[in-house]
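Ready to poke around a protein model? Work through the exercises below with the structure open beside you, and try each task before reading its solution.

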Amino acid sequence: MNYYMYYKDELDLTDDWDRWDLFISAFNLSDRLSTVFEKVEADIKCWLVFPEYDFEESELPTGSSIISVESGSEAQQLLPIIQKLSIKEYKTRRICIDATGFMRAQLLFLLAYFKKNGFQQVDVLYCEPGHYSKKENTKFSEGSLYETRQVIGYQGSSSQTQKKDLLIISCGYDSQLISNVCQQYENSVIVPLLGFPSLRADMYQESILRTIAVEEPFGSADLREPIFAPASDPFETANAISSYIKANDCLDKYEHIYLCPLSTKPQVLGMGLVFLTEYDDKNVSVLYPFSEKYAKETSQGISKIWKYTFEFGEMWV
């Protein structure tokens with residue numbers, strides 16, 4: 001699989017952008033989301049308002065473009081939206097998702113939906129923050145952690161052997177989530193995936209500080225040398241994971257391989273991409289710890305805006 005065949009472009013707010021038929025963004029209070037939403041030109045533009053953000057009515061944007069999402073799993077939340085927007089009719093049309101405000105499991109579910117339902121191409125935007133509001137103390141998830149499970153659409157096969165499991169966990173700022181997952185899978189071999197180069201130099205330092213904060217709860221966990229992949233590139237991330245699994249014969253060496261995306265949205269997309277491309281029918285799955293609530297605003301300003309083009313054709317065969 002050649003992940004370098006995918007297209008990645010940096011967009012400038014002063015330039016003219018492509019026009020899409022359908023544009024979907026998940027609302028939160030970060031200005032990078034509203035700036036992109038206002039800039040995008042599309043026949044239909046809509047905000048998805050997820051209950052996990054717990055918005056007050058006064059905090060929501062005005063207009064008919066708002067769609068409230070019901071509580072439930074990622075499938076229970078998004079399948080009614082897919083039906084409401086008649087998204088299946090856009091298989092051969094121009095569709096764009098702004099990944100910036102999406103929660104990770106919901107973003108992964110959409111990617112799997114597009115791939116498995118015959119869409120030709122989907123553009124995904126990601127807006128890098130100028131900086132996170134509370135530096136290394138920024139928290140994206142809030143409330144209690146109520147469930148850790150495989151993301152719907154990313155459940156792998158398994159067989160009972162005496163082999164260990166492998167956990168590849170992309171590490172960001174959510175040290176509590178990282179710690180919780182690693183404690184639950186402490187009998188696994190754990191390989192951290194670090195975003196390097198990071199979105200910004202200071203963010204790499206901040207992320208490392210949060211990851212170091214997790215080390216003590218690891219206890220006697222079998223920690224291995226990290227994998228490095230750019231925090232802003234899903235295709236490099238997919239390639240780095242694929243290369244590691246091949247080079248270390250992981251499919252045969254381990255009972256099961258768990259991919260756990262807890263870093264940037266581009267790296268989340270990279271984990272989803274490598275699973276859907278190479279491991280959909282293998283002993284691999286994508287694991288995620290679900291929290292009750294998520295922070296409404298975590299960043300200030302805009303650094304860069306990326307457009308990733310996912311093509312669901314011969315490259316996926």
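Asp15 is partly exposed, with a relative accessible area of 41%. Keep in mind that this is a predicted model.

**Exercise 1. Find where Asp15 sits and which surface patch it helps to form.**

Step 1: Go to the loop between E1 and E2, where you'll find Asp15.

Step 2: Check its surroundings. Patch members need over 30% relative accessible area and no salt bridge, and Asp15 comes in at 41%.

Step 3: Pick out its partners. Together with Glu10, Asp12 and Asp16, Asp15 forms a negative surface patch.

**Exercise 2. Work out which parts of the chain the salt bridges of Arg94 tie together.**

Step 1: Recall the basic idea: side chains of opposite charge can pair when their charged atoms come close. The cut-off here is 4 Å between a side-chain nitrogen of Lys or Arg and a carboxyl oxygen of Asp or Glu.

Step 2: Take the pair Arg94 and Asp18. Their side chains meet in a salt bridge at 3.6 Å, N to O. Arg94 lies in the loop between helix H2 (74-84) and strand E5 (95-98), while Asp18 lies in the loop between strand E1 (7-11) and strand E2 (19-26), so this pair ties together parts that are 76 residues apart in sequence.

Step 3: Look at how open these two are. Arg94 is partly exposed, at 33% relative accessible area, and Asp18 is partly exposed with a value of 33%.

Step 4: Now turn to Asp123, which makes a salt bridge with Arg94 at 3.2 Å, N to O. Asp123 belongs to strand E6 (residues 121-132) and Arg94 to the loop between H2 and E5, so parts 29 residues apart in sequence are tied together. Asp123 counts as buried, with 2% relative accessibility.

Step 5: Try one more pair, Glu147 and Arg149, whose closest N and O atoms are 3.2 Å apart in a salt bridge. Glu147 is partly exposed at 32%, but Arg149 counts as buried at 17%.

Step 6: Put the shared partners together. Asp18, Arg94, Asp123 and Lys307 are joined into one network by salt bridges. Across the model, the count comes to 14 salt bridges.

**Exercise 3. Decide how the buried residues of H2 are arranged around the helix.**

Step 1: List them. Glu74, Ala75, Gln77, Leu78, Ile81 and Ile82 are buried in H2.

Step 2: Look down the axis of H2. The buried residues fall within an arc of 160°, so they line one face of the helix. As a reminder, an α-helix has 3.6 residues a turn, so residues three or four places apart point the same way.

Step 3: Flip to the face turned away from the buried side. There H2 carries the exposed residues Gln76, Gln83 and Lys84.

Step 4: Step past the helix end. Ser86 follows H2 and has a positive phi, near 50°.

**Exercise 4. Find how far apart in space Leu85 and Cys46 are, then do the same for Phe109 and Ile152.**

Step 1: Locate Leu85 in the loop between H2 and E5. Leu85 counts as buried, at 14% relative accessibility.

Step 2: Go from C-alpha to C-alpha. Leu85 and Cys46 are 9.5 Å apart in space and 39 residues apart in sequence.

Step 3: Move on to Phe109 in helix H3 (residues 104-116). Phe109 is buried, with 9% relative accessibility.

Step 4: Finish with its partner. The C-alpha atoms of Phe109 and Ile152 are separated by 6.6 Å, and the two residues are 43 residues apart along the chain.

Conventions
Residues are numbered from 1 along each chain as its sequence is written. This is a predicted model: local features need pLDDT of at least 70, side-chain atom pairs count only at pLDDT 80 or more; totals for chains, interfaces and linings use all residues. Side-chain values use heavy atoms; hydrogens and water are left out. Helices (H or I, at least four residues) and strands (E, at least two) are DSSP runs, numbered from the N terminus. Buried means under 20% relative accessible area, exposed over 50%, partly exposed in between (1.4 Å probe, protein chains only). Patches are made of residues with over 30% relative accessible area and no salt bridge: like charges are joined within 9 Å, nonpolar side chains (Val, Leu, Ile, Met, Phe, Trp, Tyr) within 5 Å. Accessible areas come from the Shrake-Rupley method with a 1.4 Å probe; for residues, only the protein chains shown count as cover. Lys and Arg count as positive and Asp and Glu as negative; His and the chain ends are not counted. The place of a charge is taken as NZ of Lys, CZ of Arg, CG of Asp or CD of Glu. The arc is that of the directions from the helix axis to the C-beta atoms.
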